[in-house]
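Let's walk through this model together, one question at a time.

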Amino acid sequence: MVNAKLNLLGSPEIFIDGESISLGTRKSVALLAYLAVTESAHSRDSLAALLWPEHDQTRARTYLRQSFHAFTKRLGTTDFQADRQMLGMAPSPSLEVDIHRFRRHLQSAHAYDTELSAPQALAELEQAEALFHDDFMAGF
């Protein structure tokens, strides 16, 4: 199984098995980030309109299909959901997204006083802080 990592807290970075990769286009990165963060299915028409509003629907859907194919092939994962109408991504153990880890650490820290001791909660906050390099997709 491929180990993929997507860092979105700061300038977007994509790693496969520890090696930095490029998806070729900013729209491909934006599509991957959107699917990874939302962890749900979206209509192809809405994604095409979101990312390629300057093009007619046929051309925008073509670009969407090409971008989706390019990064799914590059990432080598089957964690994407795709049919003729929808594209999506379910939570996946093979794709680690820093923003999800950040949120989990913050949620764990909020369990202070009920489930965690103060040092444990502090450790969770420190781990969240270590993930935060800059604003979400800074400079993108």
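Helices here are DSSP runs (H or I, at least four residues), numbered from the N terminus. This is a predicted model, where local features need pLDDT of at least 70, side-chain atom pairs count only at pLDDT 80 or more, and totals for chains, interfaces and linings use all residues. Residues are numbered from 1 along each chain as its sequence is written, and side-chain values use heavy atoms, leaving out hydrogens and water.

Q: In which helix is the place of Thr72, and is Thr72 buried or exposed?
A: Buried means under 20% relative accessible area, exposed over 50%, and partly exposed in between (1.4 Å probe, protein chains only). Thr72 has 18% relative accessibility, so Thr72 counts as buried. Its place is in helix α3.

Q: Which backbone oxygen does the side chain of Thr72 reach?
A: A polar contact pairs N or O atoms within 3.5 Å; within protein, one must be able to donate a hydrogen and the other to accept it, and residues adjacent in sequence count only if both atoms are side-chain atoms. At 3.2 Å, the partner of the Thr72 side chain is the backbone oxygen of His69.

Q: Which residues are exposed on the other side of α3?
A: The buried residues of α3 include Leu64, Phe68 and Phe71. Seen down the axis, the buried residues fall within an arc of 120 degrees (taken from the directions from the helix axis to the C-beta atoms), so they line one face of α3. On the other side, the exposed residues are Thr58, His69 and Lys73.

Q: Which residue caps the N-terminal end of α3?
A: A side-chain oxygen lies 3.0 Å from the backbone nitrogen of Thr58. The capping residue that carries this oxygen is Asp56.

How values were computed. Helix = DSSP H or I, 4+ residues; strand = E, 2+ residues; numbered from the N terminus.
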